[in-house]
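Colleague: I'm new to this structure and would like a close look at one part of it. Could you pick a helix, walk me round its sides, and then show me what lies beyond?

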Amino acid sequence: MAVSRPLSRFWEWGKNIVCVGRNYADHVKEMKSTVLSEPVLFLKPSTAYVPEGSPILMPVYSHNLHHELELGVVMGKRSRAVPEAAAMDYVAGYALCLDMTARDVQDECKKKGLPWTLAKSFTASCPVSAFVPKEKIPDPHNLKLWLKVNGELRQEGETSSMIFTIPYIISYVSKIITLEEGDIILTGTPKGVGPVKENDEILAGIHGILSMKFKVERPEY
């Protein structure tokens, strides 16, 4: 008998976390980067997931941990080389996500031409909200995302400002990485990324849909 795997708890069994960088022009500008003709991709392990109620853990080797607010697209079925026109048929729903980034480490990786794994893929680097079925979000390109740290508004952006649309991203990624049910794609962050420290409280939301709250802690080891 097959074991049921509810999409409402995708973070417990989903395998792949695929992240898109440089997908909002205002964030590209604030990072002094360049808009590219194709999406920038990187991966996080499934152990990066942090459901609400668990803390964000600061990597011990970083002294400049940043929040990056992102809309996550949860896949509903296996997706390989999906045409852009059919891409949304493979979507099960959405989640609000944080791409926690060790910015000091990322800066060093960039200088040395190294991958971003140490900066992006550490344990508890991907806090996620509750799952939102796609029926509750008829147009994912018409959402307002926001994030506050200790009550101060840090990030606010609209998904209509994405450089690469969700269907394009799904099609592009699926031609490189076969996506499976429960996998998630993080679609990039708007401007306003910034540092957090121990005991900070992050409150973030999709306007009119949901909100989530996390505390930043140092690991015990």
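Modeller: Here is a walk that starts at one helix and moves outward from there. Keep in mind that this is a predicted model.

Let's start with helix 2, which covers residues 103-112. Which of its residues are buried? They are Arg103, Val105, Gln106 and Cys109. Taken together, they span an arc of only 155 degrees around the axis, so they sit on the same side of helix 2. As a rule, an α-helix has 3.6 residues a turn, so residues three or four places apart point the same way. Turn to the other side of helix 2 and you'll find Lys111 and Lys112, both exposed. So what does the buried side pack against? The buried residues of helix 2 pack against strand 5 (65-67), strand 8 (101-102) and helix 3 (117-120). After helix 2 comes glycine 113, with a positive phi near 70 degrees.

Now zoom in on arginine 103, one of those buried residues. Its side chain meets that of glutamate 68 in a salt bridge, at 2.7 Å from N to O. That pair ties together distant parts of the chain: arginine 103 belongs to helix 2, while glutamate 68 is in the loop between strand 5 and strand 6 (69-75), 35 residues apart. Are these two buried or exposed? Arginine 103 is buried, and glutamate 68 is buried too. In general, side chains of opposite charge can pair when their charged atoms come close.

There are twelve salt bridges in the count, so here are two others to set beside that one. Glutamate 198 and arginine 218 meet through their side chains at 3.4 Å, N to O. This pair, too, links distant parts of the chain: glutamate 198 is in the loop between strand 14 (194-196) and strand 15 (201-206), and arginine 218 is in the segment after strand 16 (210-217), 20 residues apart. Glutamate 198 is partly exposed, at 37% relative accessible area, and arginine 218 is partly exposed as well, at 42%. Back at our helix, arginine 103 belongs to a network: salt bridges with shared partners join Lys44, Glu68, Asp99, Arg103 and Lys120 into one. The other pair is glutamate 152 with arginine 154, whose side chains form a salt bridge at 3.7 Å, N to O. Glutamate 152 is partly exposed at 46%, and arginine 154 is partly exposed at 25%.

Next, helix 3, which the buried side of helix 2 packs against. Leucine 118 is found there, and with 52% relative accessibility it counts as exposed. Leucine 118 joins Val60 and Tyr61 in a nonpolar patch on the surface, and the three have about 290 Å² of accessible area together.

For a contrast with that surface patch, look at strand 1 (residues 17-21). Five of its five residues are buried, so strand 1 is largely enclosed by the rest of the structure. Ile17, Cys19 and Gly21 point one way, Val18 and Val20 the other. That fits a general pattern: in a regular strand the side chains alternate between the two faces of the sheet.

Who are the partners of strand 1? It runs antiparallel to strand 2 (residues 40-44), with five bridges joining them, and valine 18 has leucine 43 as its bridge partner there. Strand 1 also pairs with strand 13 (residues 184-186), in the parallel sense over three bridges, where isoleucine 17 stands opposite isoleucine 184.

Strand 13 also holds isoleucine 185, which is buried, with a relative accessible area of 1%. Beyond its close neighbours in sequence, isoleucine 185 is in contact with several residues, including Val18 and Val20. Leu71, Val73 and Met75 are also among its contacts. Glutamate 198, which we met earlier, is 13 residues along the chain from isoleucine 185, and the C-alpha atoms of the two are separated by 28 Å.

One last stop is an open sheet of five strands in the order 4-16-15-11-12, with mixed pairing. Its edge strands are strand 4 (56-57) and strand 12 (152-158), each pairing on one side only. Strand 12 runs antiparallel to strand 11 (residues 144-149), over six bridges, and tryptophan 146 has glutamate 156 of strand 12 as its bridge partner.

Conventions:
Residues are numbered from 1 along each chain as its sequence is written. This is a predicted model: local features need pLDDT of at least 70, side-chain atom pairs count only at pLDDT 80 or more; totals for chains, interfaces and linings use all residues. Side-chain values use heavy atoms; hydrogens and water are left out. Buried means under 20% relative accessible area, exposed over 50%, partly exposed in between (1.4 Å probe, protein chains only). Helices (H or I, at least four residues) and strands (E, at least two) are DSSP runs, numbered from the N terminus. Two strands pair if DSSP finds at least two bridges between them. The arc is that of the directions from the helix axis to the C-beta atoms. Contact means heavy atoms within 4.5 Å. A salt bridge is a side-chain nitrogen of Lys or Arg within 4 Å of a carboxyl oxygen of Asp or Glu. Patches are made of residues with over 30% relative accessible area and no salt bridge: like charges are joined within 9 Å, nonpolar side chains (Val, Leu, Ile, Met, Phe, Trp, Tyr) within 5 Å. Accessible areas come from the Shrake-Rupley method with a 1.4 Å probe; for residues, only the protein chains shown count as cover.
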